[in-house]
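Please take me through this model in the viewer, one selection at a time, and tell me what is to be found at each stop.

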Amino acid sequence: SPPLSSSVASDEKKRRGRGRGEKGGEKEMGNIVVAPPNKAVIVSGYRGQRILIGKCGFALYCIEEAHSLSLEIITITVNSIDAETVKGVKINLKSFAQVKVKSTKDGNLDINSIKLAATNFLSAREQDIEDALQKTLEGHQRQIVGTLTVEELYKDRAAFSERVYEHVVDDLERLGFELASYTVAEISDNNGYMAALGRTQTAIVAREAAEGTARNQAESRKTLAKANADADIVAAENAERAYIRRQKQEEAQAEADRLLDLRKAKNKLEVNMADAAAASAKDIEYAKQKQAIVEAQATQKLREEEVMLKVKDIELQQQVNVAAREAEAMTLQAEAIGEKERLIGKAQADIIKMKGDAANEVLQQRAEIYKEFGHDAIVQNVVEMLPSLAREIAQPLGKTEKMIFVSSDGSSASNLSKDIIKAAAQLPDAVESLTGLDLKKALKRLEG
């Protein structure tokens, strides 16, 4: 296969040809380099060394070059022919190793290991790389075989693989690689040692198997007998425990039944007591309600009577107030009428007095004249005037349309007559005061 550098160079030529292509030979200032995730592209030259993995970069023409290094797993078949063991027995051993460039360390990019691998194998072909790694692995494999016996190799291949891994890992790291896995595929020899060992081992295994079978059968019988005995003991113990549990369950059930009966009796007693209490409470409540109803009815009747008495008192008081107001109104009306009559009488009396004063002057003049006629003629003349005087006094009463008398003894009308008679009886006194003529004496003389 072609070297890696030549393939990268051909890729470079193709990209440069595309860069110069259709633009008429214009000078290209640089070239894009793309690194897939399974390859490390190392760009070296004017700007030093750069490693690209899973990204792109730029390599300047003429002064920088780009080479790729595969990061994929390399499967190497390691064959050790006639490798001598520690006892000089020659064997053939075939194993498979998975090797790759150590690109990561603790999850991070291991640039130093990639640089180391590039330093050792960047210009080498893939086959050359595999040969170098195969020789390293095969040397360590032969070395480990020389420290072991055939029996050890035959019985414990995992331990052999682990010892090879421990010895080869440091050498691979110094080359920039790491061992991903190592497994032993086949162990054989050309002298029939392995076959004899296999037959011996087979015989040993067969004997051990027969012995094991016998021991196993004996152990099985003993185990079975012991198991049967243990089973019988366990069955007896279980039966005893079951009997005890059954007895305890029956006792617990009997106790539970007794407690249940007691609880039922207690509940029944409480129910009866509650029923009796409820019945008594019902009777008591009924009596209380009945008593409350009677009391309420009595209270209601008493309130109704009190209300009726209050109503009667109010009505009586209203009647008394009405009568009092009527009496007061009648009294006020009578007083008003009396006052009116008094004022009218007083006015009439004043008029009469004025008339009397006027007449008095006339009478004086007449007296002078009557002196000439004598005393008897004067008396006769005054007596003749009395009816007209009485008529004048009674004239205001004749104009009254309605008279209301208020009296507690029913003598209002007689009192009015008495008042009129009194007014008429006062005429002689009035005549005497006006004329100085004593009519009473004059009338007595006329009677004599």
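With which residue does Glu219 form a salt bridge, and how far apart are the closest N and O atoms? Select Glu219 together with Lys222, and you have the two partners, whose closest N and O atoms are 3.5 Å apart; please keep in mind throughout that this is a predicted model. Both residues belong to helix α6, which runs over residues 193-373, and because they are three residues apart in that helix, about one helical turn separates Glu219 from Lys222. If you colour by accessibility, Glu219 comes out as partly exposed, its relative accessible area being 42%.

Stay on helix α6 and move the selection to Arg241 and Glu237. Here, too, there is a salt bridge, with the closest N and O atoms 3.8 Å apart, and since the two residues are four positions apart in helix α6, they are separated by about one helical turn. Arg241 is partly exposed at a relative accessible area of 39%, and Glu237 is likewise partly exposed, with a value of 35%.

The next stop in α6 is the pair Glu255 and Arg258, whose side chains meet in a salt bridge with an N to O distance of 2.4 Å. These residues lie three apart in helix α6, about one turn of the helix. Glu255 counts as partly exposed at 34% relative accessibility, and Arg258 falls in that class with 42%. Now select Arg47, Arg50 and Glu64, which are joined into one network by salt bridges that share partners. A search of the whole structure finds 10 salt bridges.

Leave the charged pairs and select helix α5, residues 157-174. Its 18 residues reach 27 Å from the first C-alpha to the last, which is close to the 26 Å expected at 1.5 Å a residue. Turn the helix until you view it from the side and look for a kink of about 35°, which is centred on Val168. Val168 is also one of the buried residues of α5, a set that is completed by Phe160, Ser161, Val164, Val169 and Leu172. To see what covers these buried residues, add β7 (90-101), α3 (126-145), α4 (150-155) and β10 (177-188) to the display, since the cover includes these elements.

Which residues form a nonpolar patch on the surface with Ile32? Select Val34 and Phe58 along with Ile32, and the three together present about 270 Å² of accessible area. Ile32 itself is found in strand β1, residues 31-35, and it is partly exposed, with a relative accessible area of 48%.

Finally, clear the selection and return to the whole chain. Its secondary structure comes to 10 helices and 10 strands, and of its 448 residues, 21% count as buried. The accessible surface of the chain comes to about 31100 Å², and carbon and sulfur atoms account for 55% of that area. If you display contacts with a separation of 6 or more, 64% of those in the chain are between residues 24 or more positions apart.

Methods
Residues are numbered from 1 along each chain as its sequence is written. This is a predicted model: local features need pLDDT of at least 70, side-chain atom pairs count only at pLDDT 80 or more; totals for chains, interfaces and linings use all residues. Side-chain values use heavy atoms; hydrogens and water are left out. Patches are made of residues with over 30% relative accessible area and no salt bridge: like charges are joined within 9 Å, nonpolar side chains (Val, Leu, Ile, Met, Phe, Trp, Tyr) within 5 Å. Accessible areas come from the Shrake-Rupley method with a 1.4 Å probe; for residues, only the protein chains shown count as cover. A salt bridge is a side-chain nitrogen of Lys or Arg within 4 Å of a carboxyl oxygen of Asp or Glu. Buried means under 20% relative accessible area, exposed over 50%, partly exposed in between (1.4 Å probe, protein chains only). The expected span of a helix is 1.5 Å times one less than its number of residues. The bend at a residue is the angle between axes fitted to the seven residues ending there and the seven starting there. Contact means heavy atoms within 4.5 Å.
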